[in-house]
Amino acid sequence: TLSERRPRGGSGNMEGESPEEYKAFAALHGAALSASGVPPLYWERLRHKLENEVGGPTPEDSVDGEEEEDELAETFYKKAQPFSTNASCFVCVLTRGVFIFLIDHAWTYRVEHAHQQLLHVPGLLHRMANLMGIDFHGEVADEGAIEQVLQEMWKYNQTYQLSQGTAEEKVPVWYIMDEFGSRIQHSDEPTFATAPLFYIPQQIAYTVLWPLRDLETGEEVTRDYAYGETDRLIRKCMLLPWAPADVLDVNYSTPEPSEDHYQAILNKNNEKLPVAINPPVYDKNKIFKVYTDLPQILNNLKHPRFEFTEDEGEADILYNFSHFKDYRKLSEERPHVMLNQFPCENLLTVKDCLASISRRVGGTEGPKWLPRTFNLHTELPQFISYFQQRERRGEDNHWICKPWNLARSLDTHITNNLNIIIRHRESSPKVVSKYIESPVLFHREDVGMVKFDIRYVVLLRSVKPLKLYAYDVFWLRFSNRAFSLDDLDDYEKHFTVMNYASGVTLKQVHYDEFIPLFEKQYPEYSWKTVQAEIFKAFAELFQAASAKPAPFGICDYPSSRAVYAIDLMLKWDTTRDGKRTMQPQVLEVNFNPDCDRACKYHPTFFNDVFSTLFLDETNNCHVTYVV
């Protein structure tokens, strides 16, 4: 949305104001200000500005010759070349002492809405084009100008993320500061720092600008575009959008991280590993008491060997939606109680960990069944080197950025622009994976050849010995538009998750309808053979995940069981002898997946799951032994 500059009041007199007002402000915003590094000595002045003034100086202030009323701050602007951008720019120079500024945001948006906002919000495209130095003077939004802004805006973008709300509300927000903020240039030795601040009383975000040292009149107002990063190579990589450079000399090999890496993950998750226990033994006719907070189980588990209890203390089975943490206490006090989770299973279900443990199969390049993946937090130079090597060789360079721990394609972006990938690293922890440029497609009569993915539900009975089953029914999701390697922001062309998006078509094909249709479209490829390759990939994945003891692998806890959903696609590959093959590509592994469709179309689903996992009875259950 467009943000208008609000009129500034006078400096105001802070003397005599209630100290309770400051205490209330600090209680609301102190944690955020401390995390951003804003010195407490500025907080009272900041509170006063937010409540009474709002806004920083603009180029027009000095052009019009208007005097800045704030006795603490004043700047003027002189024309200068920007830090490696296409736009002409102004450098901000001090004319009097300054304490703290508030900078308005000219445009606040989420990436998936950017194109439509530039197209439809009156004046937005003009303002952004002018701010970025893009030549656009038309009355009607021009797709060429929009595309230029969408590419160039990553040199101006800043980001923040809401800490509360739904998963959708926690998706990172991007913003572009107003003309004043956007003209502050980079320096490795900056005079100022900036940070976003969400002002709760007004429900509006601003950028706070404060000095880092004592300043003299005439000094330039600068900030560090890689503020807080001290590693020289990482700084070079982070600054590539403004200062292009080669990092081809960096070895792009990505070996599995050290054991310290996994130990740090365990500590961060506050997970306490169990003590060693003997596998529990139960009477063969025992009726198990189940404690669960999952309505799908409460409504669909009808097996006579299981009954529900509302008393967690008397339960034989704990089947909960939220992650369990204190396995040590459970193993010491109630070792006979079974549960639907394994210690350290995040090594499968969190995307950066999934990529790390998979290197146990395929080496530094990873296995054939996982797209080449880099952790942008720890492997940024390696990724950039790999990207530039591929670019030099003329190879396809489309990539997909994904958050470590979100599902449903939230905050997921496809691009072949290196600058965009580098900047996405600043919003939330992400991996970047090679986008599948040659997917196996499915012909929809109403649309054409579209992308599709497949979801398998797998049941992990134990780690040692490794016992893994796949549910015999799998689920399919389809794109709504014919696939082509363009229009990368077209969700219905490049994504398949339609059941959470409003106003879009959800195409459903049952698995037993899909198989003959698939084999008709690809008569040289039987589904039995394709599925055998899929199950082979599953086996290798879980063997890798359980190859090392916790916390370096999934913990061998005899009372644990688990249900996961594995999402995958098929891509075209070629063998050494030139034969075309369908290669499974694992996309993600989901903890406690949504089983609504499974229950709706297969009423015995949870009976089969519980019988397999907790009774070790698979006869008449719709499961296949994988490994």
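Let me begin with one side chain, E152, which has a relative accessibility of 8% and therefore counts as buried, since buried here means under 20% relative accessible area. I should say at once that what we are looking at is a predicted model, and I will keep to what can be read from it.

E152 is not alone, because its side chain forms a salt bridge with K155, with the closest N and O atoms 3.4 Å apart. K155, for its part, has a relative accessible area of 15%, so this residue is buried as well.

Now to a second pair, E379 and R359, whose side chains meet in a salt bridge at 2.8 Å, N to O. This pair links distant parts of the chain, as E379 sits in the loop between β15 (373-375) and α14 (380-393), while R359 belongs to helix α13 (residues 351-362), and the two are 20 residues apart. Are these two partners buried or exposed? E379 is at 8% relative accessibility and so counts as buried, and R359, at 7%, counts as buried too.

A third pair is E365 with R372, where a salt bridge brings the closest N and O atoms to 3.3 Å. Here the partners fall into separate classes: E365, at 39% relative accessibility, counts as partly exposed, whereas R372 is buried, with a relative accessible area of 8%.

How many salt bridges does the model hold by this rule? The count comes to 33, and some residues join in a network, as E21, E44, R47 and E51 do.

That network brings me to two helices and the sheet beside them, because by residue number E21 falls within helix α1, which spans residues 19-36, and E44, R47 and E51 fall within helix α2, which spans residues 43-52.

The sheet is an open one of three strands, in the order β3-β9-β8, with antiparallel pairing. Its edge strands are β3 (101-103) and β8 (192-199), each of which pairs on one side only, and the twist from one strand to the next averages 30°. Between β3 and β9 (residues 204-211) the antiparallel pairing runs over three bridges, and I103 has T207 in β9 as its bridge partner.

As for the helices, α1 lies across β8 and β9 and runs at about 145° to β8. Helix α2 packs on the sheet too, touching β3, β8 and β9, and its direction makes about 55° with that of β8.

Note on methods. Residues numbered from 1 in each chain as written. Predicted model: local features only at pLDDT ≥ 70, side-chain atom pairs only at ≥ 80, totals over all residues. Heavy atoms only, no water. Pairing = 2+ DSSP bridges. Helix = DSSP H or I, 4+ residues; strand = E, 2+ residues; numbered from the N terminus. Axes fitted to C-alpha atoms, helices over the stretch in contact; angles between N-to-C directions. Contact = heavy atoms within 4.5 Å. Salt bridge = Lys/Arg side-chain N within 4 Å of Asp/Glu carboxyl O. Buried < 20%, exposed > 50% of the residue type's maximum accessible area, 1.4 Å probe, protein only.
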